[in-house]
Amino acid sequence: MSSLENGMLVQHASLGVGKIVALEQKAVHVFFATSDARFATKLRLPMALPLLTPATSPNAWLSALSGFALDAKTGRYGRAGAWLSHADAVARFVESFPQGFADPKYVGAGKERGEPRASKWRRAHEMFVETLGNGEGERLLAAGDLGGLVERTLRIERHVRTLHRDTERTSLEEGLKDPAAAHAFFAALFELLATATPEQSRFEALAAAVATLVPGAAQESLWPIVTLLPFVARPDLHMLLRPRFACDVAQRLGLELAYDAVPNWSTYSALLGSAELLLEKLRPLGARDHVDVEAFMHVSTAKPPRPRAQPELVT
């Protein structure tokens with residue numbers, strides 16, 4: 001393979017599929033899909049050329065992967081300095097919950113002060129199912145009972161309000177006072193939730209309805225409003241996106257987010273893909289859905305990273 005380009009996907013004879021993140025005269029830096037390291041692998045040139053071929057199949061995660069920077073001390077290109085390997089992140093989680101997602105401290109039984117994070121989300125999900133699920137929300141909407149819809153929605157939102165940072169809390173109450181805007185919001189919400197998998201057109205319709213619901217709000221502040229109720233209603237399919245937290249977690253855990261401040265399908269679908277990949281990795285610990293993914297993100301990124309050894313040059 002004589003022609004290498006920055007950003008291209010390559011297949012290494014033994015290391016698998018990777019993405020070229022930097023080219024030098026005598027080395028190429030490749031981040032491999034199976035790597036659990038912060039740094040890209042540095043391969044010597046021209047010795048590595050016979051081992052590299054163009055990747056024969058696409059890899060969406062690698063293609064979108066970005067955020068590499070040169071570390072002056074090591075001469076390597078790596079993810080952000082606060083990056084955690086999956087093994088490090090799991091170790092942090094297990095330090096807090098030795099029995100994983102079945103740990104009594106994680107599951108929790110309290111309903112008031114001290115109720116664990118995941119327990120609050122699961123109770124909110126139960127509230128949604130009890131009050132708006134199984135077609136009840138659609139029935140109320142068809143009957144024109146906006147008051148009933150608003151009251152039940154705000155009760156659910158208040159239950160998890162303390163789980164948001166002050167700057168990322170939802171602000172549904174004022175917007176839902178407008179009957180026309182509230183009707184459009186609930187119609188779009190139930191349309192999105194009616195499908196077996198999230199659909200772009202329905203997500204975009206909900207995002208547009210939220211923009212009308214809270215006109216004049218900063219675009220970034222709309223993300224929690226757009227994604228809160230889908231996440232609460234279907235944590236098996238949907239995921240909450242709070243901008244500052246999501247961007248920090250993506251950087252720390254090496255997840256791809258493709259973030260844009262304006263609510264959009266590309267960012268949301270990237271978030272769902274990253275959440276699903278992380279969920280599969282966490283299933284051996286007992287993770288069931290995106291509630292567990294969300295809780296894991298919080299626990300594992302709560303502390304600064306530990307110092308780690310640097311990799312050796314590979315030929």
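**Exercise 1. The surroundings of R117**

Which residue's backbone oxygen lies 3.1 Å from a polar atom of the side chain of R117? Determine also where R117 is placed and what it touches.

*Solution.* The model examined here is a predicted one.

Step 1. Locate the residue: R117 belongs to helix α4, which covers residues 117-131.

Step 2. Examine its polar side-chain atoms. One of them lies 3.1 Å from the backbone oxygen of L163.

Step 3. Look for a side-chain partner. The side chains of R117 and E294 are joined by a polar contact of 2.9 Å.

Step 4. List the contacts, setting aside neighbours within four places in sequence. R117 is then in contact with L163, R242, E294, A295 and H298.

**Exercise 2. The order of the strands**

State in what order the five strands of the open sheet stand, and which of them are at the edges.

*Solution.*

Step 1. Read across the sheet: the order is β4-β3-β2-β1-β5, and the pairing is antiparallel.

Step 2. Identify the edges. β4 (41-44) and β5 (52-54) each have a single partner strand, so one side of each lacks a neighbour in the sheet.

Step 3. Consider the relative orientation. With direction ignored, neighbouring strands of this sheet are turned by 45° against each other on average.

**Exercise 3. Strand β2 and its partners**

Describe how β2 pairs with β1 and with β3, and decide whether β2 is largely enclosed or not.

*Solution.*

Step 1. Begin with β1 (residues 9-12). This strand and β2 pair in the antiparallel sense over four bridges. The two form a hairpin with three residues between them, and H12 has G16 in β2 as its bridge partner.

Step 2. Turn to β3 (residues 27-32). Here β2 pairs in the antiparallel sense over five bridges. This pair also forms a hairpin, with three residues between the strands.

Step 3. Find residues that face each other across this pair. L23 stands opposite V28 in β3, and I20 stands opposite V30 in β3.

Step 4. Consider burial. Of the eight residues of β2 (residues 16-23), six are buried, and the strand is therefore largely enclosed by the rest of the structure.

**Exercise 4. The buried face of helix α2**

Name the buried residues of α2, and explain why they line one face of the helix.

*Solution.*

Step 1. Within α2 (residues 86-96), the residues A89, V90, R92 and F93 are buried.

Step 2. View the helix down its axis. The buried residues of α2 fall within an arc of 155°, so they line one face.

Step 3. Identify what this face meets. The buried residues of α2 pack against α3 (104-107), α11 (243-253), α12 (265-282) and α13 (290-300).

**Exercise 5. The nonpolar cores and the whole chain**

Determine how many residues the largest nonpolar core has, and which have the most contacts inside it. Then summarise the chain.

*Solution.*

Step 1. The largest nonpolar core has 73 residues, and W121, L176, F185, F186 and M297 have the most contacts inside it.

Step 2. Take L176 as an example. Apart from neighbours within four places in sequence, L176 is in contact with V150, T153, L154, A182, F185, F186 and L213.

Step 3. Note a second, separate core of 11 residues, with L4, V30, L43 and L45 among them.

Step 4. Consider the general rule. In soluble globular proteins, nonpolar side chains tend to be buried together.

Step 5. Summarise the protein chain. It contains 13 helices and seven strands, and 49% of its 315 residues are buried. Among contacts between residues at least 6 apart in sequence, 61% join residues at least 24 apart.

Notes: Residues are numbered from 1 along each chain as its sequence is written. This is a predicted model: local features need pLDDT of at least 70, side-chain atom pairs count only at pLDDT 80 or more; totals for chains, interfaces and linings use all residues. Side-chain values use heavy atoms; hydrogens and water are left out. A nonpolar core is a set of buried Ala, Val, Leu, Ile, Met, Phe, Trp, Tyr and Cys residues joined through side-chain atoms within 4.5 Å. Buried means under 20% relative accessible area, exposed over 50%, partly exposed in between (1.4 Å probe, protein chains only). Contact means heavy atoms within 4.5 Å. The arc is that of the directions from the helix axis to the C-beta atoms. Two strands pair if DSSP finds at least two bridges between them. A polar contact is a pair of N or O atoms within 3.5 Å; within protein, one must be able to donate a hydrogen and the other to accept it, and residues adjacent in sequence count only if both atoms are side-chain atoms. Axes are lines fitted to C-alpha atoms, for helices over the stretch in contact, and angles run from 0 to 180 degrees between N-to-C directions.
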